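This report describes the fold and selected residues of one protein chain. The sequence and structure are shown below.

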Amino acid sequence: MGLPDLEVKCWKCWGCGVLSFENHGETVDCPECGGVGWIPTEDGKRLLEFLQRHLILGDEEETPGLEV
Ligand SMILES: [Zn+2]
């Protein structure tokens with residue numbers, strides 16, 4: 001079990017992805033994490049790049065038959 005932390009909970013919205021104003025009932029997307037609620041660490045960014053690279057490549061390959 002040696003996976004490094006790939007993401008950390010956003011310190012600004014605490015994983016909610018939105019910020020709420022105490023005086024209003026409104027919420028806005030958290031600017032810090034872009035509304036995701038989590039921020040990728042250096043390791044997470046590397047994994048994202050890895051996935052994007054291989055998912056995009058995989059898209060151009062023939063799609064395996066998953067219908068059965
Ligand atoms: Zn946030």
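Leaving aside residues up to four places away in sequence, Leu 19 touches Lys 12, Cys 13, Thr 27, Val 28 and Cys 30; two residues are in contact if their C-beta atoms, placed from the backbone, lie within 7 Å. The model is a predicted one, in which local features need pLDDT of at least 70, side-chain atom pairs count only at pLDDT 80 or more, and totals for chains, interfaces and linings use all residues. Residues are numbered from 1 along each chain as its sequence is written.

Leu 19 itself belongs to strand β2. Helices (H or I, at least four residues) and strands (E, at least two) are DSSP runs numbered from the N terminus. Leu 19 counts as partly exposed because 17 other C-beta atoms lie within 10 Å. A residue is buried if 20 or more other C-beta atoms lie within 10 Å of its own, exposed if 12 or fewer, and partly exposed in between, with C-beta atoms placed from the backbone.

The wider architecture gives the setting for this strand. The chain contains one helix and four strands, arranged along the sequence as β-β-β-β-α. Of its 68 residues, 6% count as buried. Among contacts between residues at least 6 apart in sequence, 40% join residues at least 24 apart.

Val 8 is located in strand β1. With 13 other C-beta atoms within 10 Å, Val 8 is partly exposed. Its contacts, not counting residues up to four places away in sequence, are Trp 38, Ile 39 and Thr 41.

Gly 37 sits in the loop between β3 (27-29) and β4 (38-40). This glycine is partly exposed, having 18 C-beta neighbours inside 10 Å. Residues up to four places away in sequence again being left out, Gly 37 touches Cys 10, Cys 13, Gly 15, Cys 16 and Gly 17.

For each of these three residues, the table gives a C-alpha separation from a partner elsewhere in the chain.

| Residue | Partner | Apart along the chain | C-alpha separation |
|---|---|---|---|
| Val 8 | Gly 44 | 36 residues | 9.2 Å |
| Leu 19 | Asp 29 | 10 residues | 6.2 Å |
| Gly 37 | Gly 17 | 20 residues | 3.8 Å |

A further residue deserves attention for its backbone. Trp 14 has a positive phi of about 55°, although this residue is not a glycine. Trp 14 is placed in the loop between β1 (7-9) and β2 (18-20). Is this tryptophan, Trp 14, buried or exposed? Trp 14 is exposed, because 11 other C-beta atoms lie within 10 Å.
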